[in-house]
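Q: Hey, could you walk me through this one? I'd like to know what's going on inside.

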Amino acid sequence: MIDGKKVLFSGMQATGNLTLGNYLGALKNWLTLSDEYECFYSVVDLHSITVRQNPAELRKRARSLLTLYIAAGLDPKKNCIYYQSHVSGHAELSWILSCFTYMGELNRMTQFKDKAAKHADNINAGLFTYPVLMAADILLYQADVVPVGVDQMQHLELTRNIAERFNNIYGDVFTVPEAYVGKVGAKIMSLQDPSRKMSKSDENPNASIYLMDDPDTIMRKFKRAVTDSEGCIRYSEQQPGIKNLLDIYCACTGKTPQEAVKEFEGKGYGELKPAVGEAVISVLRPLQEEMKRLSGDKAYIDSVIKENAEKANYYAMKTLRKVQRKVGFPDRIR
């Protein structure tokens, strides 16, 4: 708890370009949380280097992502928006927690197996211990809640196990986090394969709408979106391509699926696709304009980076010093 509020932690990797799915499924919903929670939103650049990165490109993408958080509406005075790499406590706590994590637990992590298969030429120790760093991210700020998708639930369970194990040995040190259960963001699927989530790492550029795509590109991608041969617009699992387009339309307009289906009654896919495209363009336009404005204000973004890193370090060090003392490290001479 900080100032009577529960703590919420989340973050995104500074790799690839954020998609419409990232925005509608997560980022848009973050905007409503700062009144209820003390929120820490990290650009998790330490996690990014488990895969080889171009250094200049990583720096550029990290700054762009941090700026995008603010452009999307996150107030850096109400939310702590910072670079993970600017808080050394993440790495320091990760080492300590790795000594309280069992090899068998890490061997069971399905994401390691998936990523190792994709990057067979670079199966490094960081990729294997990635979940421990994730646990450190969360426990460092004594987070009460963490918004996680289904693919991250295994990591959160490991975090809880590590926290409980440490607490059983040393007393009440860590808050044991819970999964955040709130308004569920729209689950946006690939425009080219609606059986898979829209992903910023998709090799097919037509599969994803990126947040900085221009209107012509957005419209072109929607016109190429995979549908089916049925020719009617229904909100049905049997029509995954149409259902995905309706989900996107509803997320952007605030309409219910039933209202959307009624709106397009008697119309064809050739009318649905551009209507969805226009709805997305309308939602992204103010975000893109604010992103452009903020990107040109170097002094302001620099001040946010500095002030929020100081705030994050303050709370991180409170936890880290307590942990260091519990495990027996010598006190620092001040």
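**Inside the fold**

A: Sure, and keep in mind that this is a predicted model. Let's start with strand 3, residues 79-83, which is mostly covered: five of its five residues are buried.

Q: Which residues of strand 3 are on one side, and which are on the other?

A: N79, I81 and Y83 are on one side, while C80 and Y82 are on the other, and both faces are covered. In a regular strand, side chains alternate between the two faces of the sheet.

Q: How many bridges are there between strand 2 and strand 3?

A: Five, and the two strands pair in the parallel sense. Strand 2 covers residues 37-43. Within that pairing, Y41 sits opposite I81 of strand 3.

Q: OK, the nonpolar core next. Which residues of the largest one touch the most other members?

A: Y69 and V280, out of 61 residues in that core. Helix 12, residues 269-295, gives the largest share of this core, with 11 residues. There's also a second, separate core of 40 residues, with C80, L127, Y315 and L320 among them.

Q: What does Y69 touch, leaving out residues up to four places away in sequence?

A: Its contacts are G11, M12, L27, W30, Y41, S42, V43, L74 and I81. So Y41 and I81, which stand opposite each other across the two strands, both touch Y69. Y69 counts as buried because its relative accessibility is 0%, and the cut-off is under 20%.

Q: Rings now! How many aromatic pairs does a search of the whole structure find?

A: It finds 13. In one of them, W30 and Y69 have ring centres 5.6 Å apart and planes at 65°, so that pair is edge-to-face. W30 is in helix 1 (residues 20-30) and Y69 in helix 3 (residues 55-71), so the pair ties together parts 39 residues apart in sequence. W30 is buried too, at 4% relative accessible area.

Q: What about Y249 and F264, how far is it centre to centre?

A: That's 5.2 Å, with 70° between the planes, so to speak an edge-to-face pair. Both Y249 and F264 are buried.

Q: Which residues do ring pairs link into a cluster?

A: F9, F40, Y82, Y141, Y314 and Y315.

Q: Last topic: T159. Where is it found?

A: T159 is in helix 8, residues 153-170. With 0% relative accessibility, T159 counts as buried. Not counting residues up to four places away in sequence, T159 touches A135, I138, L139 and P177.

Methods
Residues numbered from 1 in each chain as written. Predicted model: local features only at pLDDT ≥ 70, side-chain atom pairs only at ≥ 80, totals over all residues. Heavy atoms only, no water. Core = buried A, V, L, I, M, F, W, Y, C linked by side-chain atoms within 4.5 Å. Buried < 20%, exposed > 50% of the residue type's maximum accessible area, 1.4 Å probe, protein only. Helix = DSSP H or I, 4+ residues; strand = E, 2+ residues; numbered from the N terminus. Contact = heavy atoms within 4.5 Å. Pairing = 2+ DSSP bridges. Phe/Tyr/Trp six-rings, centres within 6.5 Å; stacked < 30°, edge-to-face > 60°.
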